[in-house]
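Dear colleague,

I am passing a structure on to you with this email, and I would be grateful if you could look through it alongside my notes.

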Amino acid sequence: MNGRSFDDVVRFHGHRCPGLAIGYRMTRAALRALGVDRAPDEEIVAIVENDACGVDAVQVLAGCTFGKGNLIFRDVGKSVYTFFVRTTGQGVRVAYHADGMPKALSDDRESRIAWILRAPEEDLLDLDRVEIDAPPRAVVRRSVRCAVCGERVMETKTVVIEGRTLCRPCSERGAVGT
């Protein structure tokens, strides 16, 4: 397992918070279960079901990023991450539940963080092996210029209106004749 600590994740994220600690524990549990380390490229794929602080731990620990195309966001508002290893075809789904957290910690942020970082895994998480279809690898798309704003945009994200290629924001503003 890589030597990245919670403090490394905090430095990347910018502050200590319970959500970051949760993401840290979830990611470490998944990587350990899969027997893998940080992905230098697209070897590990993470599918995250929220856009909260813990996703930064996924980036730091697992090496999954939007830029590499191996961080997939599904906006369902759950503290759930699914990790998939391309080379082995193995996957795990990690869900945060914190059923074992003492109620007395609910109003003390630092104590909650400390508990999350040291609690037994079964008091925090459910981890299940899953089978998923391999997500597609990242594809480099051709860029074109928007006929209105002049900014470069992936061709697959454009709209053609009255024979002119527009980015979505310009097309939504009705900026065709501009």
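Below I set out what was found, going from a helix to two backbone angles and then to two residues and their surroundings.

Please keep in mind throughout that this is a predicted model.

I begin with helix α2, which runs over residues 18-34 and so comprises 17 residues, taking the helix as a DSSP run. From its first C-alpha to its last, α2 reaches 24 Å, which is close to the 24 Å expected at 1.5 Å a residue. Of the 17 residues of α2, 13 are buried, so the helix is largely enclosed by the rest of the structure. The residue that follows α2 is G35, and its phi is positive, near 70 degrees.

Positive phi values also turn up at two residues that are not glycines, and you may want to look at them in turn. One of them is A98, with a phi of about 55 degrees, and this residue is found in the loop that runs between β4 (91-96) and α4 (109-118). Is A98 buried or exposed? Its relative accessibility is 13%, and because buried means under 20%, A98 counts as buried. The other is E162, where phi is positive at about 50 degrees although the residue is not a glycine; E162 sits in the loop between β8 (158-161) and β9 (164-167). With a relative accessibility of 70%, E162 counts as exposed, since the cut-off for that class is over 50%.

I then turned to V48, which belongs to strand β1 (residues 44-48) and which, at 1% relative accessibility, counts as buried. Leaving aside residues up to four places away in sequence, V48 touches V55, V58, L71, I72, F73, R74, V80 and Y81. As for distances, V48 and R93 are 45 residues apart in sequence, while their C-alpha atoms are 9.8 Å apart in space.

The last residue in these notes is R168, which is part of helix α6 (residues 168-172). Which residues does R168 touch, not counting those up to four places away in sequence? They are T156, K157 and V159. R168 has a relative accessibility of 39% and therefore counts as partly exposed. Between the C-alpha atoms of R168 and P120, which are 48 residues apart along the chain, the separation is 47 Å.

With best regards

Notes. Residues numbered from 1 in each chain as written. Predicted model: local features only at pLDDT ≥ 70, side-chain atom pairs only at ≥ 80, totals over all residues. Heavy atoms only, no water. Helix = DSSP H or I, 4+ residues; strand = E, 2+ residues; numbered from the N terminus. Expected span 1.5 Å × (residues − 1). Buried < 20%, exposed > 50% of the residue type's maximum accessible area, 1.4 Å probe, protein only. Contact = heavy atoms within 4.5 Å.
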